[in-house]
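Good morning. Please have the sequence and the picture open while I talk.

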Amino acid sequence: GRCFYGCDSLQELYVPLGIRAFRNEALGDCKGLNIYYEGSKEQWNRISFWDTVEEALKNARIYYNHSK
C-alpha cells in the first residue's frame, strides 16, 4: 500500500531484514530519504521494488548493515 505516501517531511526510514517488497506508492512523494537497512547491499538488491518506489529511491541515501 501507500504507508508513507505523501510524507514529504519523512527524513529517515529504518528497514528490518525481513522486508521482502515495497509496493506501489509506499514511498510516494518522499524526497531525500536516509534509509537504514539492517542487511547487506546484496540482500537489499533482492527486495522487490515496484515502479513508483524505485523513483523515490533515486534520491535516497541507503546505509547497509545498520542496526537500530
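I will go through the sheet, the aromatic rings, the core, the cysteines and then two single residues.

One thing to keep in mind throughout is that this is a predicted model.

Let me begin with the sheet. Strands of a sheet pair through backbone hydrogen bonds, and the pairing can be parallel or antiparallel. Here we have an open sheet of 3 strands in the order β1-β3-β5, and the pairing is parallel. Which strands stand at the edges? They are β1 and β5; each has a single partner strand, so one side of each is left without a neighbour in the sheet. Going from one strand to the next, the twist averages 20°.

Now the pairings themselves. Strand β1, residues 12-15, runs parallel to β3, and 4 bridges join the two. If you want to find this on the screen, look for E12, which stands opposite N34 in β3. Then look for V15, which stands opposite Y37 in β3. The other pairing is between β3 and strand β5, residues 61-63, again in the parallel sense, over 3 bridges. N34 turns up here too, since its bridge partner in β5 is R61. N34 is therefore a useful residue to click on: it has E12 opposite it, and R61 as its partner in β5.

Next, the aromatic rings. A pair of rings is described by the distance of the centres and the angle of the planes. Over the whole structure, a search finds 6 aromatic pairs. I will show two of them.

The pair I start with is F22 and W44. Their ring centres are 6.3 Å apart and the planes make an angle of 55°, so the pair counts as tilted. Where do the two residues sit? F22 is in strand β2, residues 21-22, and W44 is in helix α1, so the pair ties together parts that are 22 residues apart in sequence. F22 is buried, at 10% relative accessibility, and W44 is buried as well, at 4%.

The other pair is Y37 and W44, which is edge-to-face, with 5.2 Å from centre to centre and 65° between the planes. Y37 counts as buried, with a relative accessibility of 1%. You have met Y37 already, as the residue that V15 stands opposite. F22, Y37 and W44 belong to one aromatic cluster together with F49.

That brings us to the core. In soluble globular proteins, nonpolar side chains tend to be buried together. The largest nonpolar core in this model has 17 residues, and those with the most contacts inside it are F22, L27, I35, W44 and L57. At least two residues of this core come from each of β1, β3 and α2, the last of these being residues 51-57. The largest share, 3 residues, is supplied by α2. Take L57 as an example: leaving out residues up to four places away in sequence, it touches L27, I35, W44 and F49.

Now the cysteines. How many disulfides does a search of the whole structure find? It finds 0. Why is there no bond between C7 and C30? The sulfur of C7 is 5.6 Å from the one in C30, which is its closest cysteine sulfur, and that is too far for a bond. A disulfide would need the two sulfur atoms within 2.5 Å. The two residues also sit in unlike surroundings: C7 is partly exposed, with a relative accessible area of 30%, whereas C30 is buried, at 3%.

Last, two single residues. S40 lies in the loop between β3, residues 34-37, and α1, residues 41-44. Is S40 buried or exposed? It is buried, with a relative accessible area of 15%. Beyond its neighbours within four places in sequence, S40 contacts Y64 and N65.

T52 is in helix α2. T52 is partly exposed, at 31% relative accessible area. Setting aside neighbours within four places in sequence, T52 contacts N24 and E25. T52 and Y64 are 12 residues apart in sequence, and from C-alpha to C-alpha they are 22 Å apart in space.

That is the end of my part. Please keep the picture open for the discussion.

Methods:
Residues numbered from 1 in each chain as written. Predicted model: local features only at pLDDT ≥ 70, side-chain atom pairs only at ≥ 80, totals over all residues. Heavy atoms only, no water. Buried < 20%, exposed > 50% of the residue type's maximum accessible area, 1.4 Å probe, protein only. Contact = heavy atoms within 4.5 Å. Phe/Tyr/Trp six-rings, centres within 6.5 Å; stacked < 30°, edge-to-face > 60°. Pairing = 2+ DSSP bridges. Axes fitted to C-alpha atoms, helices over the stretch in contact; angles between N-to-C directions. Core = buried A, V, L, I, M, F, W, Y, C linked by side-chain atoms within 4.5 Å.
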